[in-house]
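Subject: Handover of a structure and findings

Dear colleague,

Please find below the structure that I am handing over to you. My account of what was found in it follows directly after.

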Amino acid sequence: MASSERVREKLLLGASDANIDFNDLRRLLIALGFTERIKGSHHIFAAPFVEEIINIQPKGNKAKSYQVKQVRNIILKY
């Protein structure tokens with residue numbers, strides 16, 4: 001288990017999108033103020049300060065790399 005700050009740094013570097021742990025990404029989004037709801041394997045995150053919603057799914061115990069990129073773009077945008 002990594003700290004939210006360490007996961008955030010790893011995410012923003014963008015060098016290892018396929019190697020981000022799914023639960024670490026979930027904890028980071030929650031720490032950033034997003035609320036989570038779960039529908040099947042879809043974890044849907046929303047925040048009042050963000051127009052988009054974030055939908056992530058696990059691929060084994062890792063997050064899908066294209067979804068990690070989407071999260072990075074939203075963090076950088078807001």
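How many helices and how many strands does the protein have? There are three helices and five strands. Please keep in mind throughout that this is a predicted model. Read from the N terminus, the order of the elements is α-α-β-β-β-β-β-α.

Overall form

The protein has a radius of gyration of 11 Å, and the globule rule gives 12 Å for 78 residues; the two values are close, so the protein is as compact as a globular protein of that length. The C-alpha trace spans about 30 × 30 × 20 Å along its principal axes. Buried residues make up 33% of the 78 residues. The accessible surface amounts to about 4,900 Å², and carbon and sulfur atoms account for 52% of it. If one takes the contacts between residues at least 6 apart in sequence, 42% of them join residues at least 24 apart. As for charge, the protein carries 13 positive and 8 negative charges, and the mean positions of the two groups are 5 Å apart.

The aromatic pair

One aromatic pair is present in the structure. It is formed by F34 and F49, whose ring centres are 5.7 Å apart and whose planes stand at 65°; the pair is therefore edge-to-face, since an angle over 60 degrees is counted in that way. Which parts of the chain does this pair tie together? F34 belongs to the loop between helix 2 (22–31) and strand 1 (35–39), while F49 belongs to the loop between strand 2 (42–46) and strand 3 (54–56), so the pair ties together parts that are 15 residues apart in sequence. With regard to accessibility, F34 is buried at a relative accessible area of 7%, whereas F49 is partly exposed at 45%.

Three further residues

I should also like to draw your attention to residues in helix 1, helix 3 and strand 5.

E5 is part of helix 1, which covers residues 4–13. Its relative accessibility is 42%, so E5 counts as partly exposed. A distance of 9.6 Å separates the C-alpha atom of E5 from that of A31, and these two residues are 26 residues apart along the chain.

I74 is part of helix 3, which covers residues 65–77. Is I74 buried or exposed? Its relative accessibility of 12% places I74 among the buried residues, because the cut-off for that class is under 20%. Apart from neighbours within four places in sequence, I74 is in contact with V50, E52 and I54. The C-alpha atoms of I74 and E51 are separated by 9.5 Å, with their positions 23 residues apart along the chain counted as their separation.

K62 lies in strand 5, which consists of residues 62–63. At a relative accessible area of 26%, K62 is partly exposed. Which residues are in contact with K62, leaving aside its neighbours within four places in sequence? They are A18, N19, I20, D21, F22 and Q57. Between the C-alpha atoms of K62 and S4 the separation is 16 Å, and the two residues are 58 residues apart along the chain.

With kind regards

Definitions and conventions:
Residues numbered from 1 in each chain as written. Predicted model: local features only at pLDDT ≥ 70, side-chain atom pairs only at ≥ 80, totals over all residues. Heavy atoms only, no water. Phe/Tyr/Trp six-rings, centres within 6.5 Å; stacked < 30°, edge-to-face > 60°. Helix = DSSP H or I, 4+ residues; strand = E, 2+ residues; numbered from the N terminus. Buried < 20%, exposed > 50% of the residue type's maximum accessible area, 1.4 Å probe, protein only. Rg over C-alpha atoms; globule rule 2.2 N^0.38 Å. Contact = heavy atoms within 4.5 Å. Areas by Shrake-Rupley, 256 points an atom, 1.4 Å probe, with all protein chains shown as cover. Lys, Arg positive; Asp, Glu negative; His and termini not counted. Charge placed at Lys NZ, Arg CZ, Asp CG, Glu CD.
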